[in-house]
Amino acid sequence: MTKYLLVSFETCPWVQRAAIVLREKNIPFEFRHIAPDNRPDWFLAISPHKKVPVLRIDDSVSLFESNAIAEYLDETIAPRLHPEDPVVRAVNRAWTDYLPTFASAVTGTAYAETEADYVKAAANIPVAFDRLEKALEKQGAGPFFNGAKYSLVDAAYAPFLQRYFFLDRIKHLGEIEKFPRLNAWAETLLARPSTHSFPPAEFEAKYRENLRRRNNYAAQFVAPAEQAAE
Ligand SMILES: N[C@@H](CCC(=O)N[C@@H](CS)C(=O)NCC(=O)O)C(=O)O
């Protein structure tokens, strides 16, 4: 049986995307979390950009980049998550190509250093949300991106939609409610067990703690009780 090792930082959304695909396909894997500020030599030797995720296969091959990993898993292990129809598949790939832009827009407030930067970053969120709302409108009735069948697009967006809710609970953004299809899609994805690498409340606490430590503008809105409880 093929052996899979997924190398991770605990709260990395790109790792989460790869882990979701593994879980959707019921592939047993070893999940190994390393510390971002103490990356071991064995990891640096297999990760060309020094980034996670890396998927190590049978202790011999190392794949990097979450999209390449997701595509590889989809090509090699059933059930196929990509749609059969080549046009629909191309549309799906176009939307996974949009993910890095979506991710920066949705998580930008977490990296803003000043209030002015935060306001500017928050203004990018509805632009990205509107793109997805329109895409979902074209795709059909839901509950997943392509309708009844789960896909690699669902696996890709779930971690970032989850982070929007984390950030919204740290400092109210109130954006997703304006996009009903996106909101319903996000709720479906968050309710799906494969989305979660950790129990959701524990994971949200880890996320908040990372944000607090990063000490950017939004850090001050992580509740003082949590800061006292460290
Ligand atoms: N495009 C990459 C992004 C991966 C990425 O940015 N990973 C972050 C952690 S969430 C990382 O390893 N950062 C370390 C660094 O930039 O040195 C992918 O999709 O896998």
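How many helices and strands make up the secondary structure of this chain? The model before you is a predicted one, and its chain comes to 10 helices and four strands. Read from the N terminus, the order of the elements is β-α-β-α-β-β-α-α-α-α-α-α-α-α.

Let me turn to overall dimensions. Along the principal axes, the C-alpha atoms occupy a box of roughly 50 × 45 × 30 Å. The radius of gyration is 18 Å, and because a compact globule of 230 residues would have a value near 17 Å, the chain agrees with that expectation. As for burial, 33% of the 230 residues count as buried. Among contacts with a separation of 6 or more, 67% join residues that stand 24 or more positions apart in the chain.

I come now to the domains. The chain is divided in two, with domain 1 covering 4–76 and domain 2 covering 86–221. Taken over C-alpha atoms, the centres of domain 1 and domain 2 are separated by 21 Å. Their contact draws 13 residues from domain 1 and 16 residues from domain 2.

Which elements give two or more residues to the side of domain 1 that touches domain 2? They are α1, at 13–24, and α3, at 66–76. Of these, α1 supplies the largest share of that side, with eight residues. In chemical character, the residues on the side of domain 1 that touches domain 2 divide into five nonpolar, three polar and five charged.

To close on the domain contact, I would recall that α1 gives eight residues to the domain 1 side, and that domain 2 contributes 16 residues to the contact.

Conventions: Residues numbered from 1 in each chain as written. Predicted model: local features only at pLDDT ≥ 70, side-chain atom pairs only at ≥ 80, totals over all residues. Rg over C-alpha atoms; globule rule 2.2 N^0.38 Å. Buried ≥ 20, exposed ≤ 12 C-beta atoms within 10 Å, placed from the backbone. Contact = placed C-beta atoms within 7 Å. Domains from an automatic or database assignment. Nonpolar A, V, L, I, M, F, W, Y, C, P; charged D, E, K, R; others polar.
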